[in-house]
Amino acid sequence: MSATVDWTALLAAAQGAMARAYAPYSHFRVGAALLTENGLVVTGCNVENASYGLTICAERNAVFAAVAQGETRFLAICIATENDAPVAPCGACRQVLVEFQPSFEVRSYARGPEGLQQTTATLLPHAFTKSDFVKP
Ligand code: THU
């Protein structure tokens with residue numbers, strides 16, 4: 001699966017989104033680029049708000065934008081920050097990332113070339129998903 005992912009291009013897309021982040025409160029800019037099975041790259045950035053709790057993360061914005069474009073099958077997501085070390089998605093984003101399929105690749109990059117390589121399944125083991133619902 002990773003053979004079909006151009007991580008260099010995906011990182012460039014994530015960094016482009018990161019540059020557009022709206023983070024006047026935390027000053028922590030995050031960009032995410034989601035590669036869909038149809039070959040589309042859909043990006044998201046964090047968007048903060050004066051009412052802090054309304055802030056939304058880059059990863060969730062990317063997933064929601066993809067869904068709005070009719071894309072729900074994902075191959076990979078790349079997350080970019082300006083941190084010293086790569087960051088893993090927050091808990092809320094992990095839950096959103098596992099919604100549509102059991103697992104896909106997640107890579108995070110900071111300033112350096114060293115990436116953090118995970119999957120949605122390793123990030124959120126024993127996830128609560130639609131298969132847990134009682135069928136009506
Ligand atoms: N943030 C993300 O966009 N993604 C993450 O995975 C972690 C946190 C954002 C939310 C907020 O705007 C800022 O980073 C600080 O928490």
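## Ligand contacts

In this predicted model, a polar backbone atom of Cys-90 lies 3.4 Å from an oxygen atom of the ligand. The backbone also takes part at Ala-58, where a polar atom is 2.9 Å from a ligand oxygen. At Glu-48, by contrast, the polar atom belongs to the side chain, and its distance from an oxygen atom of the ligand is 2.5 Å. Of the 370 Å² of accessible area that the ligand has on its own, the protein covers 78%.

## The shell around the ligand

Cys-90, Ala-58 and Glu-48 belong to the set of residues that surrounds the ligand. The other members are Ser-26, Phe-28, Val-30, Asn-46, Thr-55, Cys-57, Glu-59, Ala-88 and Pro-89. Sorted by class, this shell comprises seven nonpolar, three polar and two charged residues.

## Aromatic pairs

The structure contains four aromatic pairs. In one of them, the ring centres of Phe-74 and Phe-100 are 5.9 Å apart and the ring planes meet at 85°; because this angle is over 60 degrees, the pair is classed as edge-to-face. The two residues come from distant parts of the chain, 26 residues apart: Phe-74 is in strand β3 (residues 74-81), whereas Phe-100 is in the loop between α3 (91-97) and β4 (105-109). Their exposure can be stated separately. Phe-74 has 1% relative accessibility and therefore counts as buried, while Phe-100, with a relative accessible area of 28%, is partly exposed.

Phe-74 also pairs with Phe-104. Here the ring centres are 5.8 Å apart and the planes are at 70°, so this pair is edge-to-face as well. It too links distant parts of the chain, since Phe-104 lies in the loop between α3 and β4, 30 residues from Phe-74 in strand β3. Both Phe-74 and Phe-104 are buried. Together, Phe-74, Phe-100 and Phe-104 make up one aromatic cluster.

## The nonpolar core

In soluble globular proteins, nonpolar side chains tend to be buried together. The largest nonpolar core of this model has 16 residues. Phe-74 and Phe-104 are among the residues with the most contacts inside this core, along with Leu-34, Val-63 and Ile-77.

Several elements give two or more residues to the core: β1 (30-36), α2 (58-68), β3 and α3. The greatest contribution comes from α2, which supplies four residues.

Terms used. Residues numbered from 1 in each chain as written. Predicted model: local features only at pLDDT ≥ 70, side-chain atom pairs only at ≥ 80, totals over all residues. Heavy atoms only, no water. Near = heavy atom within 4 Å. Polar contact = N/O pair within 3.5 Å; in protein donor to acceptor, adjacent residues only side chain to side chain. Areas by Shrake-Rupley, 256 points an atom, 1.4 Å probe, with all protein chains shown as cover. Nonpolar A, V, L, I, M, F, W, Y, C, P; charged D, E, K, R; others polar. Phe/Tyr/Trp six-rings, centres within 6.5 Å; stacked < 30°, edge-to-face > 60°. Buried < 20%, exposed > 50% of the residue type's maximum accessible area, 1.4 Å probe, protein only. Core = buried A, V, L, I, M, F, W, Y, C linked by side-chain atoms within 4.5 Å.
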